[in-house]
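Thanks for passing this one along. Here are a few friendly notes to read beside the coordinates, starting with charge pairs and ending at the ligand.

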Amino acid sequence: MTAARKGFLERGWRLPERRLPGGTVRAVRYAVVSHLDAAERAGGAARAWATFPKPHLVVPAIVELADSPEITESVGDVLGEAFGIWSSAIFVSPPGTGTGFGWHQDALSYDLDGDEGRALRVWVALTPATPENGTMWFADGSHRCGTLDHDLDDPVRGQSVSPDRVPGEKFPVVLDEGGFSMHDLRLAHSSGRNTTDGPRINVALDYVAPEAVPGAGCAGVLPLTAGFQTPWRVEPDPRKAAAAQAHEACVTESARRLRSAMDLAARDGLPLVLGPADDA
Ligand SMILES: O=C(O)CCC(=O)C(=O)O
């Protein structure tokens, strides 16, 4: 086992020293901001779902980022030789606002099994990420404490864990532009207020190894290596697909993921009634 994997399994996070080149960061930031501007102009559902769960399927620059050697080498150090992108998210923390996420575990709404050491999130800083602009905070080792009770329901900060019930030492994830962090999907983390006068922009990339077991509704993956067989369903790479095909895949696969998350919520007691995920 690599030292990187051992450390990741123990602590639930890793801060690689590698940095993305300035040209890559600028290209991805431009593509992401253009994507959000287009979604804002389109309005409605396009705007509502522009940032999650699979914007990479329509923004080729996000796949380019996910496939960059700086990131794939770091992901390979932890997950091993085979991995793909399962999900992504764009986070823009606007200047001067009180947005930010309360303490939470990403895995809470993620329909994956056996993913310990087989899935992780890379959080890429397209601008510097600092305590002043509301960077993420990690709770060291908290991924080993099972599912935490997300008992607070804050209209701004969302469903979250009371800070005094978050286990482990808490520390801010400070990144230069082009830096990135990695965390286990069960690690408790939060983010804060942006008190600066510029936006904080991040892209999150969820990687899975083929050994993770996807729920029926969310087996879609964009492989970056060989090794993904049934039950995984290969999603088209927007770098090679026609725009219409990429758009169709993004809509279909995002809907499957969202339905799968809602089905999980229903199983856990939320009064949602949905039919079975109609998985191809
Ligand atoms: O960027 C943020 O404000 C929150 C990020 C986050 O919670 C995550 O990537 O899991």
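1. A salt bridge here is a side-chain nitrogen of Lys or Arg within 4 Å of a carboxyl oxygen of Asp or Glu. By this rule, the count comes to 19 salt bridges. Please keep in mind that this is a predicted model.

2. One pair to look at is Glu10 with Lys6, a salt bridge whose closest N and O atoms are 3.4 Å apart. Why do these two pair up along the helix? Glu10 and Lys6 are four residues apart in helix α1 (residues 3–11), so about one helical turn separates them. Side chains of opposite charge can pair when their charged atoms come close.

3. Next, the backbone. Most peptide bonds are trans. Phe52 and Pro53, however, are joined by a cis peptide bond, with omega about 10°. Pro53 sits in the loop that runs between α3 (44–48) and α4 (60–66).

4. A cis bond also leads from Thr230 to Pro231, where omega is near 10°. The loop holding Pro231 lies between β13 (220–223) and β14 (233–234).

5. Now to the ligand. Which pocket does the ligand take up? The space it fills is the largest pocket. Around the ligand stand Phe91, Phe101, His104, Asp106, Arg121, Trp123, Met136, His183, His189, Ser191 and Arg200. By class, this shell divides into four nonpolar, four polar and three charged residues. Two strands, β4 (119–125) and β10 (189–191), each supply at least two residues of the shell.

6. Three side chains are worth checking for polar contacts with the ligand. An N or O atom in the side chain of Ser191 is 2.8 Å from a ligand oxygen. For Arg121, the distance from a side-chain N or O atom to an oxygen of the ligand is 2.9 Å. With Trp123, the corresponding distance to a ligand oxygen is 3.3 Å. How much of the ligand does the protein cover? On its own the ligand has 290 Å² of accessible area, and the protein covers 98% of that.

Methods. Residues numbered from 1 in each chain as written. Predicted model: local features only at pLDDT ≥ 70, side-chain atom pairs only at ≥ 80, totals over all residues. Heavy atoms only, no water. Near = heavy atom within 4 Å. Polar contact = N/O pair within 3.5 Å; in protein donor to acceptor, adjacent residues only side chain to side chain. Areas by Shrake-Rupley, 256 points an atom, 1.4 Å probe, with all protein chains shown as cover. 1 Å grid on protein atoms, 1.4 Å probe; cavity = no way out; pocket = protein on both sides within 12 Å on 5 of 7 lines; lining within 4 Å. Sits in = over half its atoms within 2 Å of the grid points. Nonpolar A, V, L, I, M, F, W, Y, C, P; charged D, E, K, R; others polar.
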